[in-house]
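User: Please take a close look at one helix in this model. I want to know what it packs against and which charged pairs hold to its neighbours.

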Amino acid sequence: MHKLPVLIAMIAALFFAPVGFGGEEKGHGKDMHGGAKKAHHFTAHWAKTLNDEQKLKVDQMHLALDRELVVLKARAELLEKELNALAARDGADQKAIHAKIDELMAVKGAILRQRFDHILEMRAILTPEQRISYDMAVLKRSGVK
């Protein structure tokens, strides 16, 4: 009877133990098939190659974007709360709800315009080599930040 907990512990230890050969854990310098990890296919990450002038410009653009987005996001959050309050009323007014949705979508559209205008601004200050890495990062994103 005392052997069962020991057996379970041994099986669990084997199941959860890291797998590796020669003291090397999987993932250190190897891909998932045991081969060497491949180098990045594109140029260096754009942010690492910025010169001082570009860094200053990027910081200025991010500050300007954040100033705009903080207000728009707060407005969107308030509109969402107002929309929830309208929907949670007895005898909710469908026209008022639809109007509030239209207001919210206009603010979300403004947020999207600001973000994508920023992407275009960023691309404008980058060199062609930096744009390759930047564009790949944009294309790999899921959704909009």
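Analyst: Helix H3 covers residues 94–125, which makes 32 residues. From first C-alpha to last, H3 reaches 47 Å, close to the 46 Å expected at 1.5 Å a residue. Keep in mind that this is a predicted model. The mean pLDDT of the chain is 82, and 69% of its residues reach 70 or more. Residues 17–29 stay under 50 in pLDDT. For that stretch the model has ten contacts beyond four places in sequence.

Start at the N-terminal end of H3. Aspartate 93 caps it. A side-chain oxygen of aspartate 93 lies 3.1 Å from the backbone nitrogen of lysine 95.

Next, the buried side. The buried residues of H3 are Ile97, Lys100, Leu104, Val107, Gly109, Ala110, Ile111, Arg115, His118, Ile119 and Met122. Their cover includes helix H2 (52–87) and helix H4 (128–140).

Several of these residues belong to the largest nonpolar core, which has twelve residues in all. Ile97, Leu104, Val107, Ala110 and Ile111 are among its members. So are Leu65, Leu69, Leu72, Ala76, Leu79, Leu83 and Leu86. H2 and H3 each supply at least two residues of this core. The largest share, seven residues, comes from H2. Another core, of eight residues, lies apart from this one. Its members include Trp46, Met122, Leu126 and Tyr134.

Two residues show the packing in detail. Leucine 69 touches Ile111, Gln114 and Arg115, leaving out residues up to four places away in sequence. Histidine 118 lies in H3. Histidine 118 counts as buried because its relative accessibility is 9%, and the cut-off for buried is under 20%. Beyond its neighbours within four places in sequence, histidine 118 is in contact with Met61, His62 and Leu65.

Now the charged pairs. Side chains of opposite charge can pair when their charged atoms come close. The count of salt bridges comes to four.

Take lysine 108 and glutamate 80. They form a salt bridge, with the closest N and O atoms 3.3 Å apart. Lysine 108 lies in H3 and glutamate 80 in H2, so the pair ties together parts that are 28 residues apart in sequence. Lysine 108 is partly exposed, at 33% relative accessibility. Glutamate 80 is also partly exposed, at 31%.

Glutamate 82 and lysine 100 meet in a salt bridge too, at 2.8 Å from N to O. This pair links distant parts of the chain, with glutamate 82 in H2 and lysine 100 in H3, 18 residues apart. The burial of the two partners splits. Glutamate 82 is partly exposed at 29% relative accessibility, whereas lysine 100 is buried, with a relative accessible area of 15%.

Toward H4, the side chains of aspartate 135 and arginine 123 meet in a salt bridge of 2.7 Å, N to O. Aspartate 135 lies in H4 and arginine 123 in H3, so this pair ties together parts twelve residues apart in sequence. Aspartate 135 counts as partly exposed, at 21% relative accessibility. Arginine 123 is partly exposed as well, with a relative accessible area of 30%.

Finally, salt bridges that share partners join Glu82, Lys100 and Glu103 into one network.

In short, H2 and H4 are among what covers the buried residues of H3. Salt bridges run from H3 to H2 through lysine 108 and glutamate 80, and from H3 to H4 through arginine 123 and aspartate 135.

Technical notes: Residues are numbered from 1 along each chain as its sequence is written. This is a predicted model: local features need pLDDT of at least 70, side-chain atom pairs count only at pLDDT 80 or more; totals for chains, interfaces and linings use all residues. Side-chain values use heavy atoms; hydrogens and water are left out. Helices (H or I, at least four residues) and strands (E, at least two) are DSSP runs, numbered from the N terminus. The expected span of a helix is 1.5 Å times one less than its number of residues. Buried means under 20% relative accessible area, exposed over 50%, partly exposed in between (1.4 Å probe, protein chains only). Contact means heavy atoms within 4.5 Å. A polar contact is a pair of N or O atoms within 3.5 Å; within protein, one must be able to donate a hydrogen and the other to accept it, and residues adjacent in sequence count only if both atoms are side-chain atoms. pLDDT is the predictor's confidence in each residue, from 0 to 100. A nonpolar core is a set of buried Ala, Val, Leu, Ile, Met, Phe, Trp, Tyr and Cys residues joined through side-chain atoms within 4.5 Å.
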